[in-house]
Amino acid sequence: MIEILPAPEYVAAFRISGTLHSADYDVLIPAIESKLEYNEHIGVLADMTDFDHMTAGALLRDLAYAMSKLGEYHRFKRAAVIADKRWIETTTKLAGKLFPNTEARLFHAGELEEAMRWVAGFRGDLINGGL
């Protein structure tokens with residue numbers, strides 16, 4: 001399941017929980033695209049604290065969307081991932097190496113506010129309580 005979280009207009013923020021299904025991308029993709037429509041650069045935050053796994057269909061949607069954005073990765077300035085599972089930590093570190101134009105950082109459960117400040121901070125105009 002995907003829940004859109006409140007965030008600055010240039011941050012796409014989500015809580016991903018349980019099993020991620022292909023239909024969940026009907027929420028996720030338009031939310032990211034609307035941020036990209038109005039902002040040259042965005043940050044993405046994913047709270048995956050309660051994420052279990054994804055279906056094969058969700059994986060295919062994820063990969064297809066990722067491929068469609070190949071020429072635009074420079075627009076994704078920061079990615080914050082909140083999780084305590086080792087495999088998500090490893091995946092986040094790998095993504096940081098594969099996409100050098102995007103800073104990726106892992107946060108732990110309970111660090112949503114810190115993660116939001118960090119992911120939004122690439123613009124430099126989020127100072128004390130700008131959320």
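**Close-ups of a predicted model**

**View 1. Here's the largest pocket, whose lining takes in 36 residues.** Look for Asp62, Ala66, Thr91, Ala95 and Phe99, the lining residues that lie nearest the pocket's centre. This is a predicted model, and in it the largest pocket holds about 1,200 Å³ of space. What kinds of residues make up the lining, by class? There are 29 nonpolar residues, along with four polar and three charged ones.

**View 2. Now for the parts of the chain that build the pocket lining.** Helix 3 gives the largest share of the lining of the largest pocket, with eight residues. Helix 3 covers residues 86-98, and helix 1 (25-38) and helix 2 (56-68) each chip in at least two residues as well. On the strand side, strand 2 (11-16), strand 4 (42-47), strand 5 (51-54) and strand 6 (76-82) each supply at least two.

**View 3. Five strands sit side by side in an open sheet.** Reading across, the order is 1-2-4-6-7, and the pairing is mixed. Strand 1 (2-4) and strand 7 (103-107) are at the edges with a single partner strand each, so one side of each has no neighbour in the sheet. On average, neighbouring strands here are turned by 20° against each other, ignoring direction.

**View 4. Zooming in on the sheet, strand 4 and strand 6 run parallel.** Six bridges join these two strands. For a landmark, find Val44: it stands opposite Ala79 in strand 6.

**View 5. Two helices lie across strands of the sheet.** Helix 1 lies across strand 1, strand 2, strand 4 and strand 6, and runs at about 165° to strand 2. Helix 4, made of residues 112-120, lies across strand 2, strand 4, strand 6 and strand 7, running at about 170° to strand 6.

**View 6. Last up is one of the structure's five aromatic pairs.** Tyr10 and Phe122 meet edge-to-face, with 5.6 Å from centre to centre and 90° between the planes. Where in the chain do Tyr10 and Phe122 come from? Tyr10 is in the loop between strand 1 and strand 2, while Phe122 is in the segment after helix 4, so to speak a link between distant parts of the chain, 112 residues apart.

Definitions and conventions. Residues numbered from 1 in each chain as written. Predicted model: local features only at pLDDT ≥ 70, side-chain atom pairs only at ≥ 80, totals over all residues. Heavy atoms only, no water. 1 Å grid on protein atoms, 1.4 Å probe; cavity = no way out; pocket = protein on both sides within 12 Å on 5 of 7 lines; lining within 4 Å. Points joined across faces, edges and corners; volume = space filled by probe spheres on them. Helix = DSSP H or I, 4+ residues; strand = E, 2+ residues; numbered from the N terminus. Nonpolar A, V, L, I, M, F, W, Y, C, P; charged D, E, K, R; others polar. Pairing = 2+ DSSP bridges. Axes fitted to C-alpha atoms, helices over the stretch in contact; angles between N-to-C directions. Contact = heavy atoms within 4.5 Å. Phe/Tyr/Trp six-rings, centres within 6.5 Å; stacked < 30°, edge-to-face > 60°.
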